[in-house]
Structures are given as C-alpha cells and as structure tokens.
Amino acid sequence: MGTENPNPRNYPLRPAATPFASQQSSTPFLSSGPVVGSEAPIFRPGPTAASNFQAPPFSGGPLVGTEAPAFRPPPSSRSNEVVRPPPPPSSGGPPISGFQSFPNPPMPMAGQVPPPHISLTARPGIAPPTRPPPPGPASIFSLPQPPLVSMGSPPQSLKTGQPNPNIPPPADQHFSAPRPSSQPSSPPPGTSYATGRGIYPGYATMQPNSVSQAPPMQPASFQLQQGGYGPPLQSASFPLQQGGYGPRAPPTSLLAQQRGYAPIPPISTPSGIYPGNQFQQHGIAPPVAAQQGLAEDFSSLSLGSIPGSFDAGLDITALPRPLDGDVEPKSFADMYQMNCNSRFLRLTTSGIPNSQSLASRWHLSIGAVVSPLAETPPGEEVPIVNFSTGIIRCRRCRTYVNPYVAFTDNGRKWRCNICSLLNDVPSDYFAQVDASGRRVDLDQRPELIKGSVEFIAPAEYMVRPPMPPLYFFLIDVSISAVKSGMLEVMAQTIRSCLDNLPGSTRTQIGFITYDSTIHFYNMKSSLPQPQMMVISDLDDVFVPLPDDLLVNLSESRSVVEAFLDSLPSMFQENMNVESAFGPALKAAFLVMSQLGGKLLIFQNTLPSLGAGRLKLRGDDIRIYGTDKEHTIRLPEDSFYKQMAADFTKYQIAVNVYAFSDKYTDIASLGTLAKYTGGQVYYYPNFQASIHKEKLKHELSRDLTRETAWEAVMRIRCGKGVRFTSYHGNFMLRSTDLLALPAVDCDKAYAAQLSLEETLLTTQTVYFQVALLYTSSSGERRIRVHTAAAPVVADLGEMYRLADTGAIISLFSRLAIEKTLSSKLEDARNAIQHRIVKALREYRNLYAVQHRLSGRMIYPESLKFLPLYGLALCKSLSLRGGYSDVQLDERSAAAYTMMALPVKSLLKLLYPNLVRVDEYLVKTEEFDTKKRLPLTVESLDTRGLYIFDDGFQFVVWFGKALSPDITKNLVGEDFATDFSKVSISQRDNNVSRKIIEILNQYRKSDPSYFQLCHLVRQGDQPREGFFLLTSLVEDQTGGANGYADWMLLLSRQVQQNA
Amino acid sequence: MKEVLAWLLFFFILIALLVMIVFQLMCLADLEFDYINPYDSASRINQVVLPEFITQGVLCFLFLVTGHWFMSLLCVPYLYYNVRLYHRRQHLVDVTEIFNLLSWEKKERLFKLGYIILLLFMCLFWMIYNALEDDEHSF
C-alpha cells in the first residue's frame, strides 16, 4: 500500500493513462521493457526507500503477527482496483530490452521470458522465499520497529539513487514478504486484468495479449524487478502494482514510462525516455546522497493510537530537539561547490519548484535570508578582486561575473548564467579555454571559482567621493541619564573605543546633547576645550556653526577626549526632566546630512518637547484583543517615519539605545532604526552597577565592528523567479533595491520570492546578492555572493532540501510584521497555520496508503520546525498578551529579531541549557555540547545550570545544590537576595571555572553581551521571570507545552488530510 | 439653461478629479519602473491627495444642493471612504512602506478611476439630455 502512494500522486501530474493505452496497443512489452531497464539504474533509490517504508506502518501496530496477514489482502485488492492491465506481459519483456538494446523492443513473448531468468539467476536466493506465505512477512515486519522511525521515501524521491549493490540483506526478507501478496494477484491475472480493463478502456485491445502472456510472465516480472531494482523493498510494497503493471516498479518509473510512451513507436520512446530521465535527475539528483536520502526522507512520531489522548503514545523524550544548535543542510553545499557559504545566503528550500502549482503547495514561503557581511572565520576571508578596466558584468541583466558563467567561443564570449545572454569577454580579461570549457587561468581568478568575492568598484559606481566613517552621538543628559550612570559608562566606553574606530585617520566624530534644550559642541582642533552652544528655540532648529561640529577624530582627538572626560561631570547637577528629542534629532540631521554616517542615540525618557513628542499612550490592557491592538506597536507620530526616510536618503544609519525604566515608546523610537538599517538596544531600568558591562560591550562592538557605509543591496535571480518582498531593517529605494546606510556582520535581511512564469524551463536557478558599499578604508567595493539552486519537479524534494533555520527566520519576520497590522494572537495563529498546512501537504504525499493515522510524519529536514514554531510563538515579541511582556520590551525584541542572523535567532528561540555543577567540582573537561531540553524536568534540584540565549545568562541554583558551590560563587552572603549579587572572579577554583565557561559562551557569539542573572530555585517571581517563561517546552501561561503542541499540530494536520 | 450649466460645472469638476487620480497613478507607475525615487513620488502624490478629497466632497455637496440627490448618493460611498482614510490618518502615502503598499495603492486608485469615469458618463448623459431638452423648449 505504501507503494501505491506514489502512483496516485504521480498520476495526476501527468496524464498517464492515455499514453499507456496507446503504448500497449502498439507493443506493450517492448515499451515497458525498455523503461524498466532504464529505470533500474536511475531509480534504484525508489525501491530501497520502499522497503524502509513498509516497516513503519507495522511497527505502529501492536500485533505484528496478526497484522501482517491483514495487511496483505488490501494490497491485492488494491491492485485490482488500480491495476493497469498492460504491464504484466510487458514486464517480462521490458527487462530484457532495457538491459540489452532498445532497438529490440518488439520482441515476442518468448523473448521476454529469458530475460527474467537471467535476472533470476542473478539473485538466486530470492526465488524460493517468494513462495513462503504469511508467516514470512510477519517475522519480517517484526524486525524493524523503533517507535521513531525514519523511513525511506517512496517513489517520489527520484533522486535518491540507491544502487542495487546497496541493498541490505534485510531487503531480501522483505522481498519474500511481498511475494505472497503478489502471487495471489498474479495467479488470477485474468481477473485483475478484467478489472483493469474496466478502468482503462484503452487496454481492452491489448487484453488478449496480456492475458495469454500473463501466467508465464508473472514470475518473470518479479525477477525483473529484482534485477532492475535490485532492492527488494519495492517488491514488497509493490506487489500489487506488479500484478497490475508488471514491468514498472517504482512510481517514478511510472512517470518516466508514461512520458516515454506517449509517442507510440516503442523503440524510439524508450531511448527518448532515457535521456529525459537523466536530465531530470541531473537537475535533481545531485543533492541526494544515496544512503542519506533513505534515512532522511521522512521521520515520524508516534502519537498514540488516539490523537489527543496522551497515553504512552507520545514519548516526550523522543521529540526532536535541536540540541546541537543550528544544523545547516549539507547536501546543498556539497552539490554546488562554488556556492557562497551558507553564512551569507540561506534559502528556505534549495529546491526551487518548477511550476506555480507546485509552488502553491509549498506553504513555507520560498525565500532567502541574506547576511552579506557575515563574519568569516580566519582563512575564509572573501577574496578581493581588482579589475583594472571595469568590472565584468552582463550587458543585459547586470549580473557580475561569477563561477557559474560559461565561457564559449574559445574564451571570447561568456554566457550569463542568469539571463543567458552571450557577452563579449574584454580583451584584457581574455584567456584560452581548454577542452573541458575551463579557462586556463582559473586558479588566478577567484571570481570564477569562489561564490563570494569583493570587487573594487571604479569611479562609475560612485555618486560622490567615498564618505569617511562618521559617528555622531545624540545624548540625552536629563536627570535620569545622569542618575542611572548611563552617561558615565557611555562616555568612558566611547573614549576607550576612540583608538579602534574604523577608518583610521579619516574618521569623523561629533556630539549633541539635549534635555529641554539642545547643546552643540564646537570641537575645532585648535581649541583646548570644547565649546558648548545652547539652543533653546525648539520650533525652528538651526545649526549654530557651519562646521566644526563634526570634526576629524585624529585632528581633534584631544578636544574629543576632553569632552568625553568632562561630560559626566558637566551634567552632574542637571535636574532637567524634559527631553527635546525631536528637535535634537533634527539638529543632528542637519549636521550630518552633508556626509551621512552613523547616528547613535542615547535616550532615557519619553520625548516630551517639540516635534515628535510622544504621549504616554502606554500599554493599555483594554486594547488587547481588539482591532486596535496593533496600533500600540506602531509609531505614534508620523514624524518618526518621516525622519527615518530622510535619514536613509542622506545615508544616515540610526542606532537607538534606550535605557528608561518607564515607558519610552520604543515602538516609535525604533522606527528610526528600522528604516535606516540600524538596530535597537534596550536596557530596561538601566543601572550602571548592573548593566555596565553589557552596555560597554555592545556599544564598543557597535563602534568598532567592521561597517559598510552608504550601501545598497540587490538580489538578482534567474529568469522566471522574482523577489517580491523584503523583510528586515532597511528601506527600499526601488522595487528591488535595499538602501542600507550602514551594514555590519550582525545584520541579516530576508526576502521572499515568487514564480513569475507558470513553468520554469531551466534546471537551475541562480541567485546573486550584490552589496555596493564604501568600506571604512574609503574604498568603494561590491561584495558579490552567488549561489545556484536546482529546480525540482517534486514536492518531496523541496521538503528534503528545506532549511529550517531560514524558514524560521523568515517566519519570525513575517509574524512580527503581522503584529503591526493585527493582533498578537493572529500572528501566532498564522505561524501555526503555516506549519500545519506544510505538514499536511507533506502527509498527503506519503501517508495516505500507510497506516499512519496515529503518527505524525514530517521530513527529516523540518524535524525542528514545530519546536521552533512553538518557541517563536513564545518569544518576547509574540508571547501572550498584556501582562506577559512589557510593551517596550516587546517592541525592542521585535526590532532586534527583524535584524538577527539565522544562527543567533535560533539560539534566541531555543537557548542553551547546560548543567555545570559536576564540572565545577570535578576536573573533567567541560563539554559545551551537552545541552539539555528546555523543560523544568531537566532541572535537578541538586544542580547548577547555565541558560544562555545569546542575550543573557541565567544561572540557576537548585535548592539542594551543595552550599559549597554557592559559597564559592557568590561569597559568604550566599543567602542574600540574588538580584543584588553577581558572579565575579573569586579566588577559588569553582569561581574561576564558571567564569571561564561564561566567557567561552560569550566568545562564541560576540554580537551581544550576555549579562549574568542569578536565580535560586523557588525564588519567585524572579525565577519565573528569568527562566521559567523561557523554557519553551513547558506549558506557560496559556501557551502549549511541546507535547501538547505536537498533539495539536498532529490533530490539525489530520483534519481534512 | 441653468441645468445645463450645472452639469457642465459637474463635468469639469469630475475632469479635475480624474486628472488628479491619473496623476497619482502615473507617479505610482513611475515609481514601479524606477523612473523616480520614492521620496519624490510620495511627496508628489501627497500633494494632491487632500485636493482630491476636497474636490470630491465639494462635488458631492453640489450635487445635493442642486437637487441631484441620486448623483449625490452615488458619490457618498467614495466620500465615506475618503473620510474614513482621513480619520485613520492613512490618506497620505507612507514613503517608508510605499513599495510594500504599491499594489494596494494602485488598486485603490484604479478603482477610484473607474468610479469617476462612471460618474463622468452619467454626467455627460444628463448634460446632453438637458441640452436637448432646452433645445426643444426653445423651439
């Protein structure tokens, strides 16, 4: 039954029935014969997969023995229904012709017989087992029975090429099992045919032939399969089919056949088929590692006999968990060696659907997540290429030269891989092409062998001279900023970073401070001290000095240092509580608009004066659940959007640092960062004593990391596909051009694509990300990432090539955007619906004929999708409602998640939890990989745990933890309130070790600093706030736990399935 | 004669509306094909949004006071839609999101365009009808 699956599916795809009939009438045997032969090599995977397949259904059943017999009958009956008459005879014939020579097809029946024999001999062992009836199968089934079985994929996986030799011994056994079933059907071939006839009128004519042949053929056909397929499995699953079809075993082959048959002349068809198949495979096959394919094709999860009842059916420990962190799909990279690394570009599925109808069945969004400047480990730096005379680009589509372009005409022309236009090779770029079409100078041309390169752009890529790195600080100096200590920490940090700002001697810097007035600082290098100018007219802001507000850092270094040193003391006595944020922003804009650059805003209170003042609209519990709920997450005043647009226009990126303990309307302030390619840092209730390290680290990273200035980014892709929407922190300058005033390694952008043509004719789609930017060194550069992805015709293949990380990254952005136009609840439901739809579609692929009613099946590649989906629904930005997360925190998290690269996002969604107490007291090596599931059950009262989500650490002390450890970690006062103590280096081993671990974690992802929070078990509400709500697998608030979530999904998947 | 003049006035108002909407559509189309940047496009469109709303309101009002309640009624949905947009402060094009909203903005304006053309034809019909009637009377 499992085997049948494929057939129905395939059928609809191509109108098979008619071709069949025609073929049959002409020369049934021949035609089928060739097909089989051809298939054998090509489709080998199918069979093996089938064998695997069978096991699972049975495993579910408690009574193996009894089931087996029951199982058998259905197939036979099935065969009758489905049977396609022609094959039996043909089957005999096909093997021969296929192997030997196509021209022979017309062979008579006699001719057919021999071939089966041959195959038989090849597999002598098989013949006897065939006969043994039910008992055999039963035993077989009992063999493989893990509850969580990953099964091979059936027919669909054309690509999974499983060579015959691979067939494992068990396969034989399976084989025998199928036999029995097949036999019943075979003996009365006449009858089955009759039914077949009824179904397929076309066959009627052939019938006579087939019938007469049938008896002898049957065995033959079996043999054939073995010979052809090698793998026994198919036989097991296919017995029915064989009765019906005889020759063609795997469904895939069916496709091929059908295609092939359409043309009546038998001989020609087979040959035609052959190339066709290969072609397809060529496109599809590469990804599939034969063995791997089997194991990965899908996984299933036993949910108990009755979905919804939670008895032993669902084994919580068996649920898939990403304890190894983000696992990137490997097959894709292996397939296209010259693709850029996945740290730069990840596709949600590497199999691009070949038709719109196929794309519409893929519910997980086709798209890409791009991180153009991702950090590279030493040794893998992106090579820099300098063309002396212009960059080589396609004349028509402007694609940059890349490893996938083809040089023809003896090296004088090159064909663009994206639009396939033939371009001339400039004379100074010319090189001979050797016999295999490779340029002889390939190894000196990184742009022709590497997926990622950086071109030095000549003058035509500049609209103005490359700008210098420019940092401008807009600092709130009202009372709360001074009181919290923010001002001091910030000034110190900036001062310590002055040496490390990128751009060496070109760097420019400037400051504005504000409370109810705006203070400008003249930093002219000839001055001993900065000169302060105060402007109190907030309605008509003007710049008091034409220049010298923005100065060259190296020239005015001493003035800048003097300023930073005196800044905290200057406002020590400031009692001003107002904040003229809007006017100050305008002033900063006026100062910066000449050059662009990066604007860092340090905001401590709600803007209260002048343009852009915000109301305490706050977080209103009554608004939740109504149609207006989303308005509180939108900027209140259009001033902010307008300013953001202006900033982008003048190449200014805004990073917002917000510190207030009260409502500051991050939703409005963050808009500035959102549209300028910036970032929001939020430190609720900032206190220098606690958050100092965090601010210091994050601010200095912001100032010193390599930054690309005045950048624009475009993603080009091949004909027939088009990027339709972009998601992230940037502004679109035209339909497909992202304006990014500043980009760095911690930013990622997502895009969705759609098919423009109903059918893609190419076999590969190429993507090229081009980021044109000014480097800190003042060079104009173009960073180009190129990747190729195969076009597939099969949904199963899309699932196999899916990338959970990219999908979740895209989903999170879509969901967050949805919270800006509808309720939180709707956004969460949208995620859930998408996952359900995707799993249902997948289930429809495989499950219909496999009794999987009590199981949930999902592709191996998406095994973490449900869990990440759940985690996403529980993330700060989407979680719960009014009382679960403060509005500001929610908005800040949303802005952050919109920019996060895939890896950081996954870590945020499913944080690391490790137990460290044993390591602390013993001397063994610490294993950072030993992560625990995120559930309360993982927490032992005698243990000490570290929870790390990339943004903060939580150190959890079990109640029964040895007091020694506690004492060593936090000192003598270990009984005090943990909110007041922190882990600092102490003079003992335990303390040193834990600091070492924490530092190790921090180093692994330096983009944010994880502040360490200590939590004692049972110390509410602290424990709940920091840890319990983050344990995504547990039921918290109104949200599901992991097990319930899986049951819920499973139920929904099976509705209307 | 009065009647004809009134219809003539309506006709010109409708033409003015038509021009404003076509102008907005052109800006959007230019934007889509990358002839102008989003900043210019948005500011040009936003310049004529309010005039368009006001003109339409005036038209509706004039229909009413001249006793053409049926035509006035026809204008009401349009007016209601505009007023609602204005109240929600969604009447202006948002430059930061213009590309994401492009298809919607175009659809909306195409719909308005169709609406105006319909009104225009009715207006023409009544104008000619009245003119002919006047003719008859004059004989």
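How many positive and how many negative side chains does chain B have, and how far apart do the centres of the two sets lie? I looked this up before anything else, keeping in mind that the model is predicted. I found 9 positive and 14 negative side chains in chain B, with the centres of the two sets 10 Å apart.

**Chain B as a whole**

I next went through the elements of chain B and noted 4 helices and 0 strands, which from the N terminus on gives the order α-α-α-α. For the extent of the chain I took the C-alpha trace, which spans about 60 × 30 × 20 Å along its principal axes. Of the 139 residues in chain B, 42% are buried, and the chain exposes about 8,000 Å², of which carbon and sulfur atoms supply 71%. I also looked at the contacts with a separation of 6 or more, and here residues 24 or more positions apart account for 78% in chain B.

**Cys27 of chain B**

I then turned to a single cysteine, Cys27(B), which I located in helix H1 of chain B, residues 2–32. Is Cys27(B) buried or exposed? Its relative accessibility is 3%, and because buried means under 20% relative accessible area, Cys27(B) counts as buried. When I left aside the neighbours within four places in sequence, I found Cys27(B) in contact with Ile36(B), Ser41(B), Arg44(B) and Ile45(B). I also checked Cys27(B) against Leu119(B): the two are 92 residues apart in sequence, and from C-alpha to C-alpha they are 24 Å apart in space.

**Two arginines with positive phi**

I looked up two arginines for their backbone angles, one in each chain. In chain B, Arg89(B) has a positive phi of about 55° although it is not a glycine, and I placed Arg89(B) in the loop between helix H3 (69–87) and helix H4 (98–138). With a relative accessibility of 62%, Arg89(B) counts as exposed. In chain A, phi of Arg398(A) is near 65°, again a positive value in a residue other than glycine, and Arg398(A) lies in the loop between strand S6 (384–385) and strand S7 (406–408). Why is Arg398(A) described as partly exposed? Its relative accessible area is 38%, and partly exposed applies because that term covers values between the limits of under 20% for buried and over 50% for exposed.

**Strand S13 of chain A and its partners**

Staying in chain A, I examined strand S13, residues 518–522, where 5 of the 5 residues are buried, so the strand is largely enclosed by the rest of the structure. I sorted the side chains by direction: Ile518(A), Phe520(A) and Asn522(A) point one way from S13(A), His519(A) and Tyr521(A) point the other way, and all are buried.

Strand S12 of chain A (residues 508–514) runs antiparallel to S13(A) and is joined to it by 3 bridges, with Ile512(A) having Phe520(A) as its bridge partner in S13(A). The connection from S12(A) to S13(A) is a hairpin through 3 residues. I then followed S13(A) to strand S14 of chain A (residues 531–535), with which it pairs in the antiparallel sense over 5 bridges; here the bridge partner of Asn522(A) is Gln531(A).

**An open sheet of chain A**

In which order do the 4 strands of the open sheet stand? I read the order as S3-S5-S23-S20 of chain A, with antiparallel pairing. The edge strands are S3 (345–347) and S20 (721–727), each of which pairs on one side only, and the twist from one strand to the next averages 25°. Within this sheet I looked at S5(A) (residues 367–370) and S23(A) (residues 749–755), which pair in the antiparallel sense over 4 bridges, among them the one in which Ala368(A) has Ala751(A) as its partner in S23(A). Helix H32 of chain A (residues 804–819) packs on the sheet and touches S3, S5, S20 and S23, and its direction makes about 95° with that of S23(A).

**Helix H35 of chain A**

Last, I looked up helix H35 of chain A, residues 887–897, which is mostly covered, with 11 of its 11 residues buried. I noted that the buried residues of H35(A) include the charged side chains Asp888(A), Glu889(A) and Arg890(A), and that Ala892(A), Ala893(A), Ala894(A) and Tyr895(A) are also among them.

Conventions: Residues are numbered from 1 along each chain as its sequence is written. Chains are lettered from A and ligands numbered from 1 in the order in which they are written. This is a predicted model: local features need pLDDT of at least 70, side-chain atom pairs count only at pLDDT 80 or more; totals for chains, interfaces and linings use all residues. Side-chain values use heavy atoms; hydrogens and water are left out. Buried means under 20% relative accessible area, exposed over 50%, partly exposed in between (1.4 Å probe, protein chains only). Two strands pair if DSSP finds at least two bridges between them. Axes are lines fitted to C-alpha atoms, for helices over the stretch in contact, and angles run from 0 to 180 degrees between N-to-C directions. Contact means heavy atoms within 4.5 Å. Accessible areas come from the Shrake-Rupley method with a 1.4 Å probe; for residues, only the protein chains shown count as cover. The place of a charge is taken as NZ of Lys, CZ of Arg, CG of Asp or CD of Glu.
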